Amino acid sequence: MLYNLSRLGYKCNDSFLLCGLCGPLLCLPPVFIPAMDCFKTVIFISAILLPLESLGSDRPNFILLFADDLGFGDLGCYGHPSSITPNLDKLAAEGLRFTDFYATSPVCSPSRASLLTGRYQTRSGVYPGVFYPGSRGGLPLNETTIAEVLKPLGYATALVGKWHLGVGPGGTFLPTRQGFDHYLGVPYSHDQGPCHNLTCFPPDIKCFGFCDLGAVAVPLMANETIKQQPVSFLDLEKAYSDFATGFISSSAKRKQPFFLYYPSHHTHYPQYAGKMAAGASSRGPFGDALMEFDLTVGNLIQALRDSGVDNNTLVFFTADNGPELMRRSRGGNSGLLKCGKGTTYDGGMREPAIARWPQRIKPGVTHELASTLDVLPTIASIAGAALPRVPLDGVDMGDILFRHGPSKRKAMFYYPTDPREKYGVFAVRLGKYKANYYTRGATHSDSTPDQDCHLTAFLKRHDPPLLFDLEADPAENYDLNPARYQDVLQRIQAAKADFEEGMLFGESQVEKGIDPALEPCCTPACTPKPSCCACG
């Protein structure tokens with residue numbers, strides 16, 4: 001089989017040509033290969049021939065599922081007694097379920113930046129907090145996303161769902177500018193616009209609450225064009241499912257490897273669901289929204305099977321941050337973990353995660369430490385793609401996935417929603433031990449009985465840090481006597497110092513501010529704004 005070199009983006013230096021024909025590939029002077037097209041079967045690097053597996057249509061496909069505001073205890077396979085998540089539960093039964101998997105932030109935009117780049121949000125400048133419809137900043141274009149890692153290898157790339165990494169002037173930061181061929185979705189959180197007058201459940205049950213008044217109605221975008229404003233929540237999930245399954249089918253028919261990223265709006269406030277899930281769960285609006293997401297997961301898996309690519313596709317599922325407990329029964333559940341969204345307790349950043357690849361990943365459960373940071377290096381390694389030439393914070397999870405072996409990740413560093421060099425990380429996990437140097441509650445977790453979670457639990461420095469054994473005490477209830485664990489604290493402090501020494505904070509993209517004129521409007525010349533922005 002021959003592979004077009006130029007399409008896959010490899011080249012030799014100016015004095016040689018890269019060529020291979022059903023055998024070893026070499027960089028040769030042009031005189032040795034007259035009138036021949038250049039193809040590759042292996043890469044010649046630094047005088048070493050490295051075999052490259054699964055080129056072209058044989059390369060594996062990747063589906064990355066990312067839930068929103070989903071707690072560690074929200075899925076049936078993670079112990080929730082009334083959640084209806086049969087497809088995610090089956091994903092876990094057929095794949096590898098993680099018990100110690102972490103996001104990098106307890107809120108949305110920073111967490112998504114880290115997932116797509118393999119770098120802490122402090123490096124890319126996606127802090128403090130999140131982007132808004134009129135934000136001037138976004139994920140910097142010099143950051144390399146998973147889609148951009150895979151594109152040189154001939155991958156088709158698509159994003160369906162919630163972007164929340166900036167829109168910017170003229171759509172500067174949209175997914176189509178960040179490596180994605182196709183995009184259908186809401187470019188930020190679906191509560192970042194008025195929702196009190198919108199229908200969230202059939203036949204005409206209005207959304208719970210008001211969401212963000214004073215902004216434009218939430219738009220649905222197709223690539224860089226507004227397709228509908230405001231979006232129809234009753235029809236949104238079906239549109240996403242149809243788009244995603246169509247992308248899988250068309251890519252498979254072309255025998256083109258693909259990367260599909262589906263960051264769902266579910267289960268973020270305000271919860272919504274169409275006719276297939278509305279009222280179908282026993283858990284109320286949150287359960288209906290979660291069930292609707294689960295139905296789409298089932299549709300994607302069925303599309304893989306129908307297209308004949310199920311056995312050649314890695315499906316990875318996780319979530320961006322912990323549950324918004326202030327919403328009470330509408331806000332999710334962190335299980336036995338402490339607090340939730342907005343905090344650096346484990347309930348804010350420890351997430352469910354599942355990896356499934358038939359015949360490649362043996363079903364089971366892993367207690368190894370892993371993170372959203374590790375997704376990019378893992379996908380790059382499996383695909384045979386080059387890593388970005390920047391400091392990465394992620395590691396390859398291959399040993400965990402394919403051998404149920406130990407993790408290359410030894411530590412996890414917890415940044416708050418508003419990281420500052422002055423404070424550094426709020427907490428460090430090393431092995432089974434977690435040290436909390438700073439603690440603080442959050443509005444997002446304000447309604448729980450635990451007072452440590454509330455907004456009134458102001459920033460507190462701990463010296464020595466609060467130390468917990470997360471295997472014996474995952475709820476962070478019983479801090480260990482520092483006098484008896486000096487060796488552990490010394491190792492944690494050394495890891496913290498080494499990490500912070502190598503952390504270079506990027507310019508804050510969020511602090512570039514907001515310009516209402518940048519809010520997406522399908523009728524940009526209309527008045528009065530924002531109410532006149534309506535179409536579809």
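## Salt bridge exercises

E94 has a relative accessibility of 28%, which makes E94 partly exposed (buried is under 20% relative accessible area, exposed over 50%, partly exposed in between; 1.4 Å probe, protein chains only). You're looking at a predicted model, where local features need pLDDT of at least 70, side-chain atom pairs count only at 80 or more, and totals for chains, interfaces and linings use all residues. Residues are numbered from 1 along each chain as its sequence is written, and side-chain values use heavy atoms, leaving out hydrogens and water.

**Exercise 1.** Find the salt bridge partner of E94 and place the pair.

- Step 1: E94 pairs with K90, with the closest N and O atoms 3.9 Å apart. That counts as a salt bridge because a side-chain nitrogen of Lys or Arg lies within 4 Å of a carboxyl oxygen of Asp or Glu.
- Step 2: Both sit in helix α2, four residues apart, or about one turn. (Helices are DSSP runs of H or I, at least four residues; strands are E, at least two; numbering starts at the N terminus.)
- Step 3: K90 is partly exposed too, at 43%.

**Exercise 2.** Work out where K338 and D450 sit, and how accessible they are.

- Step 1: Their salt bridge has its closest N and O atoms 2.6 Å apart.
- Step 2: K338 is in the loop between β14 and α8, D450 in the loop between β20 and β21, 112 residues apart.
- Step 3: K338 is buried at 7%, whereas D450 is partly exposed at 27%.

**Exercise 3.** Is the D74 and R283 pair buried or exposed?

- Step 1: Their side chains meet in a salt bridge at 2.5 Å, N to O.
- Step 2: The two residues are 209 residues apart, so look in distant parts of the chain.
- Step 3: Both D74 and R283 are buried.
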